[in-house]
Amino acid sequence: MGCFHSKVAREFRGHEDPVKLASETAFSVSEVEALFELFKSISSSVVDDGLINKEEFQLALFKSRKRENIFANRIFDMFDVKRKGVIDFGDFVRSLNVFHPNASLEDKIDFTFRLYDMDCTGYIERQELDDRTVERFEREKLLKFWIQSFVAGVPYILVGYRDDGGRLVRTERLRTKDIAHRARLKNYWQGGVCLAFADEVLCWLYGTVKENEDYTLQFVHPFMRLELLQAQSCPDAITNHVHLLQHPSSPPPPPSSSVTP
């Protein structure tokens, strides 16, 4: 332990004693030391100076230096306790403490509130929520709109926007080909990459699944890969849907039973 302290103290600015940090947070000493290894990896990814800058923070989250994100920028600002544009190890550990399972509920509520209070007024204003709503719309919903329209050859789509009461307040006509360009400019997603991924998945499924056998396709945590599992039976909802497509006028088959006679 002594070698650990003396060595890193000389190499990293802002480094603090793991025992001290453990006493101030919910982390154990061994957890703090593990966090230090993570900190070293992130802080040396662009500039090896013992500090995490915003570019390195973005790179750690998205594997890209250019992917701007309102949420990530706000998290970085909250981790940058000293307002120097960089995060040192002490602030890194103290800021991560709120994500620890043993962190208090009050700390978690306070962190969430400050996350949305971007102008630090002590209030969450409408515009602060609207900024996140727009980003989520462009990052997630527009991708679904685009892929459905692109594959079907639909040149335009009409998007309706509602207020908090569910009333339609305005509409926007979008060209399908412009949607991908709009998302690419903000580094949200790229249409060509999405299509290539879909093509690869479908080809993999075509070459893997066997006729008259049931499978379950799922994302494996932390959602970095797909897993195909052979199922004992097809879910009733899917069986009924297929039956309805093939035999519109006949009633669906009785539900399957998991009880063994």
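## Exercises on a predicted fold

Aspartate 178 is partly exposed, with a relative accessible area of 35%. The model is predicted. Keep that in mind throughout.

**Exercise 1. Find which side chain meets aspartate 178 in a salt bridge, and classify that partner as buried, partly exposed or exposed.**

Step 1. Look for the partner. Aspartate 178 forms a salt bridge with arginine 175. The N to O distance is 2.9 Å.

Step 2. Check the cut-off. A salt bridge needs the nitrogen within 4 Å of the carboxyl oxygen. The value of 2.9 Å passes.

Step 3. Classify the partner. Buried means under 20%, and exposed means over 50%. Arginine 175 has a relative accessible area of 35%, so arginine 175 is partly exposed.

**Exercise 2. Trace the network of salt bridges that contains Glu16.**

Step 1. Start with lysine 20. The side chain of lysine 20 meets glutamate 16 at 3.5 Å, N to O. Lysine 20 is partly exposed, at 38%.

Step 2. Move to arginine 94. Its closest N and O atoms in the bridge with glutamate 16 are 2.6 Å apart. This pair links distant parts of the chain, 78 residues apart. Arginine 94 sits in helix α6 (residues 89–96), while glutamate 16 is in the loop between α1 (2–11) and α2 (18–24). Arginine 94 is partly exposed too, at 30%.

Step 3. Name the members. The network links Glu16, Lys20, Glu24 and Arg94.

Step 4. Set this against the total. The structure has 10 salt bridges.

**Exercise 3. State which residues form the covered face of strand β3, and which strand β3 is joined to.**

Step 1. Locate the strand. β3 spans residues 156–162.

Step 2. Sort the residues. The covered face holds Ile157, Val159 and Tyr161. The uncovered face holds Tyr156, Leu158, Gly160 and Arg162.

Step 3. Find the partner. β3 is joined by seven bridges to β4 (residues 168–175). The two strands run antiparallel.

Step 4. Pick one position. Glycine 160 lies opposite threonine 171 of β4.

**Exercise 4. Describe two of the aromatic pairs, and say which parts of the chain each one links.**

Step 1. Count. There are eight aromatic pairs in the structure.

Step 2. Take phenylalanine 57 and phenylalanine 76. Their centres are 5.5 Å apart, with 65° between the planes. Edge-to-face needs over 60 degrees, so this pair is edge-to-face.

Step 3. Place them. Phenylalanine 57 is in helix α4 (residues 54–62) and phenylalanine 76 in helix α5 (residues 70–79), 19 residues apart. Both phenylalanine 57 and phenylalanine 76 are buried.

Step 4. Take tryptophan 146 and tryptophan 189. This pair is tilted: 5.5 Å centre to centre and 40° between the planes. Tryptophan 146 belongs to helix α8 (residues 126–152), and tryptophan 189 to the loop between α9 (176–185) and α10 (191–208), so the pair ties together parts 43 residues apart in sequence. Tryptophan 146 and tryptophan 189 are both buried.

Step 5. Add a cluster. Phe36, Phe39, Phe89 and Phe92 form one.

**Exercise 5. Report how many disulfides the structure has, and how exposed cysteine 194 and cysteine 203 are.**

Step 1. Recall the bond. A disulfide joins the sulfur atoms of two cysteines covalently.

Step 2. Count. The search finds zero disulfides.

Step 3. Classify. Cysteine 194 is partly exposed at 23%. Cysteine 203 is partly exposed at 48%.

**Exercise 6. Summarise the whole chain in numbers.**

Step 1. Count elements. The chain has 11 helices and six strands.

Step 2. Check burial. Of its 261 residues, 28% are buried.

Conventions
Residues numbered from 1 in each chain as written. Predicted model: local features only at pLDDT ≥ 70, side-chain atom pairs only at ≥ 80, totals over all residues. Heavy atoms only, no water. Buried < 20%, exposed > 50% of the residue type's maximum accessible area, 1.4 Å probe, protein only. Helix = DSSP H or I, 4+ residues; strand = E, 2+ residues; numbered from the N terminus. Pairing = 2+ DSSP bridges. Disulfide = S-S within 2.5 Å. Phe/Tyr/Trp six-rings, centres within 6.5 Å; stacked < 30°, edge-to-face > 60°.
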